[in-house]
There are 2 protein chains.
Amino acid sequence: MHYTANDIKDLDRVRRLKLINSVSGIKPANLIGTKNRKGQLNLAIFSSVIHLGSNPALLGCIVRPTGEVPRHTYANIMAEKEYTINHIGTPFVENAHYTSAKFDGDVSEFERCQFTPEYINNFKAPFVKESKLKMGLRLVETIPITINDTLMLVGEIQHILVDDIVFGTDDDLDLSLINSAGVSGLNTYYELKKIARYPYARVPEVPNFTSD
Amino acid sequence: MHYTANDIKDLDRVRRLKLINSVSGIKPANLIGTKNRKGQLNLAIFSSVIHLGSNPALLGCIVRPTGEVPRHTYANIMAEKEYTINHIGTPFVENAHYTSAKFDGDVSEFERCQFTPEYINNFKAPFVKESKLKMGLRLVETIPITINDTLMLVGEIQHILVDDIVFGTDDDLDLSLINSAGVSGLNTYYELKKIARYPYARVPEVPNFTSD
């Protein structure tokens, strides 16, 4: 199947969303937790969390300020500068998926979708107790992506809370040991199975791949 | 385990890289194909491809112009404005991993790591024949992330070449049917298993999650 730019433009909206939201490959399934000035909690599923750098430890996520769904998340992060990113475990993907419904402003997705808010000292935003890898971030940069009116929010990691079992027998994390889920498109969820781990690639150690 | 921002800063460099490159969750495993003005091909593994929007169809990827590894990819994209993004199938993760070795400038990773370049009309950059979902992109925006001296390259999708089997029995893509791989950290690879698909979340249709 070959889609050109024109074919993509001519697809009906839902088919285009399904296709284009899948073609980048597997996406991480995370819940972003925030609190507003009145103390109301918000929890929203995001598939756009991305690693930006390790020193300082920075993560980005994409928001559409003019869009409807993550409006509370965006507003709360801009106002409070603090938020949490929580891996979604495979047993919780259905609960997490439904945080994307457009609940009224006074409904907390924590309560409606049965997640438990959890706090640590000196950090205002709520973590998700059920998550086995969760982080507290402070907003450090807001980068406009002018071509489609979106923003990348850049946060510096202040806290990582992770279940020890993620390390398995070596010092690389194995996300399958904490059941972290992946997502493609808008609604398709995956579990992960670790299949391989290779050393840092040095030229003299590259295998001879030539056939027979 | 609880790491604070200071704990992260104090980790030795390799442990920090392993940890922080894993905490965003599962990342997509893609190969980016480019060609320079002399016609030399380059192929490099990237785990930072991200969906930015569907109309226009935009994907981002993060590059560090001052870094060593993806320097040819970055230079070629800036010069030629065209590149391909190709899903890495699980049978090819080892070959793909070793494209990250710092080969001399006259070595093509296509040849050294045993991938086959493939072309379509009116598009200069090489696709990866072995990939079951591959795209041709045109560079449309270059966004500096000043806080850590990286760039997000934004490309508009010009072509999608995808094996029909990805659609399975419905109109959502199932990336496990084309064996698309995920990656965490710098070197850990995963296969995907689809576990669930839920409808668009409308408030009246949200399940009652309250226990018992």
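**Figure 1. Strand E7 of chain B pairs with strand E10 in this predicted model**. E7(B) and E10(B), residues 133-145, run antiparallel and share 5 bridges. Within this pairing, Tyr83(B) sits opposite Leu137(B) of E10(B). E7(B) also pairs with strand E3 of chain B, residues 30-35, again in the antiparallel sense, over 4 bridges. Here Gly33(B) faces Thr84(B) of E7(B). E7(B) covers residues 82-87, and 6 of its 6 residues are buried. In a regular strand, side chains alternate between the two faces of the sheet. Glu82(B), Thr84(B) and Asn86(B) point one way, while Tyr83(B), Ile85(B) and His87(B) point the other way.

**Figure 2. A sheet of 6 strands runs through both chains**. The sheet is open, and its pairing is antiparallel. The order is E2(A)-E12(A)-E13(A)-E13(B)-E12(B)-E2(B). Strand E2 (27-28) of chain A and strand E2 (27-28) of chain B are the edge strands, each pairing on one side only. E2(A) pairs with E12(A), residues 182-184, over 2 bridges. Pro28(A) is the residue opposite Gly182(A) of E12(A).

**Figure 3. Chain B meets chain A**. The contact involves 103 residues of chain B and 103 residues of chain A. Together the two chains bury about 9400 Å², with 62% of that area on carbon and sulfur atoms. On the chain B side, Tyr98(B), Tyr198(B) and Phe209(B) lose the most area to chain A, together 8% of what that side buries. Polar contacts join 47 residue pairs between the chains. Strand E13 of chain B, residues 188-197, gives the most to the side that touches chain A, with 10 residues. The interface also holds 7 salt bridges.

**Figure 4. Lys18(A) meets two aspartates of chain B**. Asp172(B) forms a salt bridge with Lys18(A), at 3.1 Å from N to O. Asp171(B) forms a salt bridge with Lys18(A) too, at 3.5 Å from N to O. This second pair crosses from the loop between E11 and E12 of chain B to helix H2 of chain A, residues 13-20. Lys18(A) is buried, at 13% relative accessible area. Asp171(B) is partly exposed, at 30%.

**Figure 5. Arg197(B) and Asp170(B) form a salt bridge within chain B**. The N to O distance is 3.5 Å. Arg197(B) belongs to strand E13 and Asp170(B) to the loop between E11 and E12, so the pair ties together parts 27 residues apart in sequence. Arg197(B) is partly exposed at 37% relative accessible area, and Asp170(B) is partly exposed at 21%. Salt bridges with shared partners link Arg15(A), Lys18(A), Asp170(B), Asp171(B), Asp172(B), Lys194(B) and Arg197(B) into one network.

**Figure 6. Ser176(B) lies in a loop of chain B**. The loop connects strand E11 (150-162) with strand E12 (182-184). Ser176(B) counts as buried because its relative accessibility is 19%, and the cut-off for buried is under 20%. Its side chain makes a polar contact of 2.5 Å with the side chain of Asp174(B). Beyond its sequence neighbours within four places, Ser176(B) contacts Tyr190(A), Leu192(B), Lys193(B) and Lys194(B).

**Figure 7. Helix H2 of chain B packs against parts of both chains**. H2(B) spans residues 13-20, with Arg16(B), Lys18(B), Leu19(B) and Ile20(B) buried. Its buried residues pack against strands E5, E6, E11 and E13 of chain A. They also pack against strand E1 and helix H1 of chain B. Asp12(B) caps the N-terminal end: one of its side-chain oxygens lies 3.1 Å from the backbone nitrogen of Val14(B).

**Figure 8. Ile160(B) sits in the largest nonpolar core**. This core has 68 residues. Ile157(A), Ile160(A), Ile157(B) and Ile160(B) have the most contacts inside it. Leaving aside neighbours within four places in sequence, Ile160(B) touches residues of chain A including Met1(A), Tyr3(A), Ile8(A), Leu19(A) and Val23(A). Its contacts in chain B are Leu133(B), Lys134(B) and Met135(B).

**Figure 9. Glu80(A) and Arg37(A) form a salt bridge in chain A**. The distance is 3.1 Å from N to O. Glu80(A) lies in helix H3 and Arg37(A) in the loop between strands E3 and E4, so the pair ties together parts 43 residues apart in sequence. Glu80(A) is buried at 15% relative accessible area, whereas Arg37(A) is exposed at 70%.

Notes
Residues are numbered from 1 along each chain as its sequence is written. Chains are lettered from A and ligands numbered from 1 in the order in which they are written. This is a predicted model: local features need pLDDT of at least 70, side-chain atom pairs count only at pLDDT 80 or more; totals for chains, interfaces and linings use all residues. Side-chain values use heavy atoms; hydrogens and water are left out. Buried means under 20% relative accessible area, exposed over 50%, partly exposed in between (1.4 Å probe, protein chains only). A polar contact is a pair of N or O atoms within 3.5 Å; within protein, one must be able to donate a hydrogen and the other to accept it, and residues adjacent in sequence count only if both atoms are side-chain atoms. Contact means heavy atoms within 4.5 Å. Two strands pair if DSSP finds at least two bridges between them. A nonpolar core is a set of buried Ala, Val, Leu, Ile, Met, Phe, Trp, Tyr and Cys residues joined through side-chain atoms within 4.5 Å. Buried area is the accessible area (1.4 Å probe) that two parts lose on being put together, summed over both. A salt bridge is a side-chain nitrogen of Lys or Arg within 4 Å of a carboxyl oxygen of Asp or Glu.
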